[in-house]
Amino acid sequence: MEAKMDSILDAMMQRDQVTGVLIADNQGLSCGTRGMAHSQASGLITEISHQAAKIHPNLDAPVVILESENTSVTISKYGPHTGAIYKKKSPSKK
Amino acid sequence: MLKPKVLTNVLSQANTGGVENTLLLNNDGALLAFSGFHNKDARITSAIASNVWSAYEKHGHNSFREDPLQFLIINCEGGNVIVTQVANLLLCLYANTDNLGILKTKISKLKEKLEIPLQSIQT
Amino acid sequence: MSDEVKKFFSSLLQKINGLKAIIISDRDGVPILKLSLDGKFPELGTKQQFLATFTIATDQSSKMLLGQNKSIILMYKSTTVVQLNKSPLIITFVGTENCNTGHILSLDNEIDKYIGEYKVILDRD
């Protein structure tokens, strides 16, 4: 039943530097995860997207990028679903 | 008439991605149709699922504003059970996954498929 | 309950999208702490009779060969209720149909830190 979603998640994981993928529904419940993305994070990821959308309520929810030293997490919303992509950051050029 | 084999086939479509059993039961908890891996647990699951469903379902009718119960999720250490009503029966997925969103999507899709065929055998 | 515990649960009401009320009760559904976003409590999911439904439900659910029951989620047409098993306490969250249920469930460990001492006190009684 979820074969299509599974193949999308697997394809995302094949991309360069991607270390994790997560899809959550509008109630913050996890629909699927891969790699370092944990289903426990789905509520918080949905909440971040929801809060960020309040900045400009009349526009679509913005893409939110969380950066830490080694990882970036890109969060974006598509209809009732929120997606997150975890990426390993490329070493900074000096 | 409803073909039992076709019904079991439809139920079995949900048995992927950690879903171990898909059950169809009446409101008294009697198992009507089953597809999955362990038959033994199915009777225990259906008895408990229907008990918990009816305990909470009645609260949706108690208040002066009707608020019918649509989904019940029983979240345990080793997995989850999700329940919904289809016609006058209960549909139930027994799963070892924590991905509650996909369980809800799957049970909703099955409900859509079964609603009309099951309504036609309602007494 | 201590100010610190109240403050923690009040902050959840602000933080979690769609959440309207939180009730901490004993196994009989008698409230120990009642918090709501606007001072009003929804009709469904907050009455003692409803809260106590969880006691039997969680005990039965622990017999489904899936281990101990952690929580029960009820999705009514326009109300979501999450009841957490923190025996001997029950923590009930009541929100809208779009309430961020996943966020509530992920707070499980954090909640333990705040209510641990109350569990010990009630267990002694």
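Which residue in S5(C) is the bridge partner of Ala21(C)? Here are my notes on that and a few other things; keep in mind that this is a predicted model.

1. Let's settle the opening question. Ala21(C) has Val94(C) as its bridge partner in S5(C). That pair belongs to a longer story: strand S1 of chain C, residues 19-26, pairs with S5(C) in the antiparallel sense, and seven bridges link them.

2. Now look at the other neighbour of S5(C). Strand S4 of chain C covers residues 80-86, runs antiparallel to S5(C) and is joined to it by seven bridges. If you want a spot to zoom in on, find Leu84(C), which sits opposite Ile91(C) in S5(C). To get from S4(C) to S5(C), the chain makes a hairpin through two residues.

3. Is S5(C) largely enclosed or largely open? Strand S5 of chain C spans residues 89-95, and six of its seven residues are buried, so the rest of the structure largely encloses it.

4. Over to chain A for the overall layout. You should be able to pick out two helices and five strands. Walk along from the N terminus and the order is α-β-β-α-β-β-β.

5. How does chain A fill space? Its radius of gyration is 14 Å, which agrees with the value near 12 Å for a compact globule of 94 residues. Along the principal axes, its C-alpha atoms fill a box of roughly 40 × 40 × 20 Å.

6. Two percentages finish the picture of chain A. Of its 94 residues, 35% are buried. Take the contacts between residues at least 6 apart in sequence, and 35% of them join residues at least 24 apart.

Conventions:
Residues are numbered from 1 along each chain as its sequence is written. Chains are lettered from A and ligands numbered from 1 in the order in which they are written. This is a predicted model: local features need pLDDT of at least 70, side-chain atom pairs count only at pLDDT 80 or more; totals for chains, interfaces and linings use all residues. Helices (H or I, at least four residues) and strands (E, at least two) are DSSP runs, numbered from the N terminus. The radius of gyration is taken over C-alpha atoms; the globule rule is 2.2 Å times the number of residues to the power 0.38. A residue is buried if 20 or more other C-beta atoms lie within 10 Å of its own, exposed if 12 or fewer, and partly exposed in between; C-beta atoms are placed from the backbone. Two residues are in contact if their C-beta atoms, placed from the backbone, lie within 7 Å. Two strands pair if DSSP finds at least two bridges between them.
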